Amino acid sequence: MEYLNIDKNNENHIIKFQELMKEYFEELDEHENNSTSAEIVEKYSLSMISKLNEDRILKIVEDNGKFIGFCYAKIDRETDRGLVYPGWGYIMEFFVKKEYRRKSIGKKLLKECEEAKQEAERKAKLTEAEK
């Protein structure tokens, strides 16, 4: 089991993430009695990847070459619009495939996301101090 940041320049990562997102939306649709088109799933997943920067985190869980879970999180900055709490982070999306649940994978994924948030905060403070 490997916990990693998605590489938005790696076509293989993008393809595997989109496959995982299909399963995520299928499960959401099942609970909401909805049907999300493949086009929407693709656009949404590519949008998540394109927005990755120092304020957004996309951690992936990989098992034997397959993406089996992800955590997509954001850290609010003073420059953000709307109701924001600068420095606060929150999870926007979180998913682990059904067959991998109840094995502490989600717990470890959450911890990895928290550590990535702390690292992003450290980098933001260093950048601010350099100004």
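How many salt bridges does the count come to? The count comes to 10 salt bridges. The model is predicted, and the points below take the chain as a whole before turning to single residues and pairs.

1. Overall fold. The protein chain holds three helices and four strands. Read from the N terminus, its elements follow the order β-α-α-β-β-β-α. With a radius of gyration of 16 Å, close to the 14 Å given by the globule rule for 131 residues, the chain is as compact as a globular protein of that length. The C-alpha trace spans about 45 × 30 × 30 Å along its principal axes.

2. Burial and contacts across the chain. Of the 131 residues in the protein chain, 38% are buried. When contacts between residues at least 6 apart in sequence are considered, 55% of them join residues at least 24 apart. The exposed area of the protein chain is about 8,700 Å², and 48% of it is supplied by carbon and sulfur atoms.

3. The pair D55 and R77. A salt bridge links D55 to R77, with 2.6 Å between the closest N and O atoms. D55 sits in the loop between α2 (38-50) and β2, and R77 in the loop between β3 and β4, so the pair ties together parts that are 22 residues apart in sequence. Are the two partners buried or exposed? D55 has a relative accessible area of 13% and therefore counts as buried, the cut-off being under 20%. R77 has a relative accessible area of 17%, so this residue is buried by the same cut-off.

4. The pair E112 and K59. The side chains of E112 and K59 form a salt bridge at 3.8 Å, N to O. This pair links distant parts of the chain, with E112 in helix α3 (residues 105-130) and K59 in strand β2, 53 residues apart. E112 and K59 are both buried.

5. The pair E115 and K111. Which residue forms a salt bridge with E115? The partner is K111, and the closest N and O atoms of the pair are 3.7 Å apart. Both residues lie in helix α3, four residues apart, which is about one turn of the helix. E115 is partly exposed at 37% relative accessibility, and K111 is partly exposed with a relative accessible area of 48%. Elsewhere, K59, K108 and E112 are joined into one network by salt bridges that share partners.

6. R56. This residue is found in strand β2 (residues 56-63). Its relative accessible area is 19%, so R56 counts as buried, given the cut-off of under 20%. The side chains of R56 and Y72 are joined by a polar contact of 3.1 Å. Apart from neighbours within four places in sequence, R56 is in contact with K51, Y72, A73, K74 and M92.

7. K74. Strand β3 contains K74. K74 is buried, with a relative accessible area of 9%. Residues up to four places away in sequence aside, K74 touches D55, R56, D80, W88, G89, Y90 and M92. Two names in that list recur from earlier points: D55 is the salt-bridge partner of R77, and R56 is the residue in strand β2 with the polar contact to Y72.

8. H13. Helix α1 (residues 11-32) includes H13. H13 is buried, with a relative accessible area of 12%. What does H13 touch, not counting residues up to four places away in sequence? The residues are L4, N5, I6, D7 and F67. The C-alpha atoms of H13 and G65 are separated by 10.0 Å, while the two residues are 52 residues apart along the chain.

9. A nonpolar surface patch. L83, Y85 and W88 make a nonpolar surface patch of about 440 Å². Y85 lies in the loop between β3 (66-75) and β4 (89-96). Y85 is partly exposed, with a relative accessible area of 47%. W88, also part of this patch, is among the residues that K74 touches.

Terms used:
Residues numbered from 1 in each chain as written. Predicted model: local features only at pLDDT ≥ 70, side-chain atom pairs only at ≥ 80, totals over all residues. Heavy atoms only, no water. Helix = DSSP H or I, 4+ residues; strand = E, 2+ residues; numbered from the N terminus. Buried < 20%, exposed > 50% of the residue type's maximum accessible area, 1.4 Å probe, protein only. Polar contact = N/O pair within 3.5 Å; in protein donor to acceptor, adjacent residues only side chain to side chain. Contact = heavy atoms within 4.5 Å. Patch = residues over 30% accessible without salt bridge, like charges linked within 9 Å, V, L, I, M, F, W, Y side chains within 5 Å. Areas by Shrake-Rupley, 256 points an atom, 1.4 Å probe, with all protein chains shown as cover. Salt bridge = Lys/Arg side-chain N within 4 Å of Asp/Glu carboxyl O. Rg over C-alpha atoms; globule rule 2.2 N^0.38 Å.
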